[in-house]
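Dear colleague,

I am handing over the structure we spoke about, and below it you will find notes on what turned up in it. Please read them with the model open beside you.

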Amino acid sequence: MSKVLKFRIACRNDAEELSRLHYSSASNQPGAFMHLLGIGFLRAYYEILLDEGSSTILCAYRNEGSLVGFAAGSIEAESRLVALKKHRLKLLIKSAKTLILNPKLIKQIKLRQNTKTASDSKIFVVGSGAH
């Protein structure tokens with residue numbers, strides 16, 4: 001069997017598959033955080049990014065059509081952050097069950113939410129320029 005990869009730009013319909021791959025790969029990644037908020041949160045996150053306009057996600061597929069990787073970026077981080085803030089209630093609802101079961105995650109969210117610039121001592125978010 002050939003191990004050739006095929007690439008394409010993600011569309012909104014890919015949000016479920018992106019969230020599942022993100023969840024499974026981040027589970028083995030030291031320091032990963034977003035997957036702790038659950039698949040529903042990740043799906044909503046990718047839907048927002050894909051709808052937002054300045055973000056692009058490049059998907060890598062094996063011949064049989066299974067998603068094996070992706071890279072996400074934005075040409076305008078500010079507009080990505082505006083879109084995420086605009087939909088913060090949706091993101092909260094999608095992560096509510098997880099937060100109730102593990103309230104310690106709320107502290108981690110607040111740390112990330114309060115990060116404004118790359119010069120902050122704890123960098124969690126790229127807030128301006130390309131990303």
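A residue is called buried when its relative accessible area is under 20%, exposed when that area is over 50%, and partly exposed in between, with a 1.4 Å probe and protein chains only. This is a predicted model, in which local features need pLDDT of at least 70 and side-chain atom pairs count only at pLDDT 80 or more, while totals for chains, interfaces and linings use all residues. Residues are numbered from 1 along each chain as its sequence is written, and side-chain values use heavy atoms, with hydrogens and water left out.

A good place to begin is Cys59, which lies in strand β2 (residues 55–61); helices (H or I, at least four residues) and strands (E, at least two) are DSSP runs, numbered from the N terminus. Because its relative accessibility is 1%, Cys59 counts as buried. If contact is taken as heavy atoms within 4.5 Å, and neighbours within four places in sequence are left aside, Cys59 touches Lys6, Phe7, Arg8, Ala10, Leu18, Leu67, Gly69 and Phe70. With one of these, Gly69, the C-alpha separation is 6.0 Å, although the two residues are 10 apart along the chain.

Cys59 also belongs to the largest nonpolar core, which has 23 residues, and those with the most contacts inside it are Leu18, Tyr45, Tyr46, Ile57, Cys59 and Leu91. Such a core is a set of buried Ala, Val, Leu, Ile, Met, Phe, Trp, Tyr and Cys residues joined through side-chain atoms within 4.5 Å. At least two residues of this core come from each of α1, α2, β2, α3 (77–86) and α4 (88–101), and α2 gives the most, with 8 residues. Leu91, again leaving aside neighbours within four places in sequence, is in contact with Phe41, Ala44, Tyr45, Ile48 and Leu84.

Turning to charged pairs, the structure holds 6 salt bridges, a salt bridge being a side-chain nitrogen of Lys or Arg within 4 Å of a carboxyl oxygen of Asp or Glu. One of them joins Asp51 to Arg12, with the closest N and O atoms 2.7 Å apart. This pair links distant parts of the chain, since Asp51 sits in helix α2 (residues 39–52) and Arg12 in the loop between β1 (6–9) and α1 (15–26), 39 residues apart. Asp51 counts as partly exposed because its relative accessibility is 47%, and Arg12 is partly exposed as well, at 39%.

Glu16 takes part in a salt bridge with Arg20 (2.7 Å, N to O), and because these two are 4 residues apart in helix α1, about one helical turn separates them. Glu16 also forms a salt bridge with Arg43, where the closest N and O atoms are 2.4 Å apart. Here too distant parts of the chain are linked, for Glu16 is in helix α1 and Arg43 in helix α2, 27 residues apart. Elsewhere, salt bridges that share partners join Arg12, Glu47, Asp51 and Lys90 into one network.

Lastly, on the surface, Val68 is found in strand β3 (residues 67–74), and it counts as partly exposed because its relative accessibility is 37%. Together with Leu5, Phe7, Ile9 and Leu58, Val68 makes a nonpolar surface patch of about 440 Å². Patches are made of residues with over 30% relative accessible area and no salt bridge, with like charges joined within 9 Å and nonpolar side chains (Val, Leu, Ile, Met, Phe, Trp, Tyr) within 5 Å; accessible areas come from the Shrake-Rupley method with a 1.4 Å probe, and for residues only the protein chains shown count as cover.

With best wishes
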